[in-house]
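Open the model in your viewer and keep the selection panel handy. The tour makes two stops.

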Amino acid sequence: PWDCEGRTLRDTSGPYCLAGVSAFWCAQATQADEGRLDRFAEWATGAGLSYVRWFGSHDWAGGTDVQMPNYFSLMERTIEGLSARGLRSAITLFTRRHLISEPYFFSREWADLVSSHREEVVWVEIANESRHPHNDWSDEEVRSCADVIRERSDTPLALSAAAASNWDEMQEQLRHL
């Protein structure tokens, strides 16, 4: 399993430089178009990439709704499907706050899922650009979700990423995070 050593990720072989790509739609492809996932994985591994960052929920094209039946079964199939294709997962759990009816419930479920797939998950992020006006997470909610995950999982964890219109604001948000 991956672990943090200062600012470096390491596995049982030692420090490791990960190279990855974002494909927010992986869960949707797992559900509806595994051929697309196959083509993507072939390209990514052929390019020397070792992980893919994907979203657990979002509301734009290729999105996944947390209220769908068997949501966590699909998330598990996505982790396992990427792993079977030679890629580990870096998962951004949430995007828009209004999509998540019970963030602490979902955080507990996610923590248990990623813990059971520790070899396949590089890290998790609570919320994509949580302070972005469209996402609308409070700092307290993000930190509370992180606390829930930390209690149940040792998977490396990021709170969020900064979202700002200029570099000075971005730096301030990064310091805040």
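Which strand gives the most to the lining of the largest pocket? Select β7 (121-127): β7 leads, with three residues. Before going on, note that this is a predicted model, where local features need pLDDT of at least 70, side-chain atom pairs count only at pLDDT 80 or more, and totals for chains, interfaces and linings use all residues. Residues are numbered from 1 along each chain as its sequence is written, and side-chain values use heavy atoms, without hydrogens and water.

**Stop one: the pocket**

Now select the full lining: C4, R7, L9, W123, V124, E125, P156, L157, A158 and S160. A pocket here is an open set of points on a 1 Å grid where a 1.4 Å probe fits, with protein on both sides within 12 Å along at least five of seven lines; lining residues have an atom within 4 Å of a point. The volume is about 270 Å³. Add β8 (157-158), which like β7 supplies at least two lining residues. Color by class: seven lining residues are nonpolar, one is polar and two are charged.

**Stop two: strand β5**

Select residues 51-55, strand β5. Five of its five residues are buried (under 20% relative accessible area, 1.4 Å probe, protein chains only). Y51, R53 and F55 lie on one side, V52 and W54 on the other.

Add β4 (residues 20-22), which pairs with β5 in the parallel sense over three bridges. Pairing takes at least two DSSP bridges. G20 partners Y51. Next, show β6 (residues 88-94), parallel to β5 and joined by five bridges. There, Y51 partners R88. Finally, trace the chain from β5 through helix α3 (residues 71-84) to β6: this β-α-β crossover is right-handed, running clockwise with the strands pointing away from the viewer.

Conventions:
Grid points are joined across faces, edges and corners, and a volume is the space filled by probe spheres set on the points. Helices (H or I, at least four residues) and strands (E, at least two) are DSSP runs, numbered from the N terminus. Ala, Val, Leu, Ile, Met, Phe, Trp, Tyr, Cys and Pro count as nonpolar, Asp, Glu, Lys and Arg as charged, and the others, Gly among them, as polar. Buried means under 20% relative accessible area, exposed over 50%, partly exposed in between (1.4 Å probe, protein chains only).
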